[in-house]
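Here is a brief report on one protein chain. It starts with a single glycine and then moves out to the strands.

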Amino acid sequence: MANEIEHEYTNEIVCPYCGESNNESYEYADDDCGEIDCGYCERSFNYIVHMTIKYSTETDCSAEGKFHAWQGPYRVFEYEDRTDVWCYIRKCLNCQREDYFWQEATLEML
Ligand SMILES: [Zn+2]
Ligand SMILES: [Zn+2]
């Protein structure tokens, strides 16, 4: 008998045995694949996560001979457990370019 359950390339994880969809599928999105128990029929099955990648482009100010309109820098995260060095990010309002750089945490930035 043909399997009538739609369980491939679905928006949620769908049990291939009973067709029950898991409404907490997003919790598994960080993994490539794994094993899961159906909350309904309690059988275990394997899942595979398919990622969709999208790209965006923006023109670059410097390529057009313009200055970047930097916003920031903003402190983004600590480097391991050091408190004297921080990672900062600045972003251009025109071309959306982002620059990351490390700097001593001497000044309290934005
Ligand atoms: Zn099931
Ligand atoms: Zn720019």
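## Gly72 and its surroundings

Gly72 counts as partly exposed because it has 15 C-beta neighbours inside 10 Å. The cut-offs are these: a residue is buried if 20 or more other C-beta atoms lie within 10 Å of its own, exposed if 12 or fewer, and partly exposed in between, with C-beta atoms placed from the backbone. This is a predicted model, in which local features need pLDDT of at least 70, side-chain atom pairs count only at pLDDT 80 or more, and totals for chains, interfaces and linings use all residues. Residues are numbered from 1 along each chain as its sequence is written, while chains are lettered from A and ligands numbered from 1 in the order in which they are written.

Gly72 sits in strand 5, residues 70-78. Helices (H or I, at least four residues) and strands (E, at least two) are DSSP runs, numbered from the N terminus. Pro73 is in strand 5 too. The peptide bond between Gly72 and Pro73 is cis, with omega about 5°. Tyr88 lies 16 residues from Gly72 in sequence. In space, their C-alpha atoms are 8.5 Å apart.

## The whole chain

The protein has seven strands and zero helices. Its pattern along the sequence is β-β-β-β-β-β-β. Of its 110 residues, 5% count as buried. Contacts are also computed here: two residues are in contact if their C-beta atoms, placed from the backbone, lie within 7 Å. Among contacts between residues at least 6 apart in sequence, 24% join residues at least 24 apart.

## The hairpin of strands 3 and 4

How do strand 3 and strand 4 pair, and over how many bridges? They pair in the antiparallel sense, over five bridges. Two strands pair if DSSP finds at least two bridges between them. Glu35 stands opposite Asn46 of strand 4. Six residues separate the two strands of this hairpin. Strand 4 is hardly covered, with zero buried residues among its five.

## Positive phi outside glycine

Glu42 and Tyr9 each have a positive phi without being glycine. The table sets them side by side.

| Residue | Phi | Place | C-beta neighbours inside 10 Å |
|---|---|---|---|
| Tyr9 | about 55° | segment before strand 1 (13-14) | 7 neighbours, exposed |
| Glu42 | near 65° | loop between strand 3 (33-37) and strand 4 (44-48) | 10 neighbours, exposed |

Glu42 is in the turn of the hairpin.
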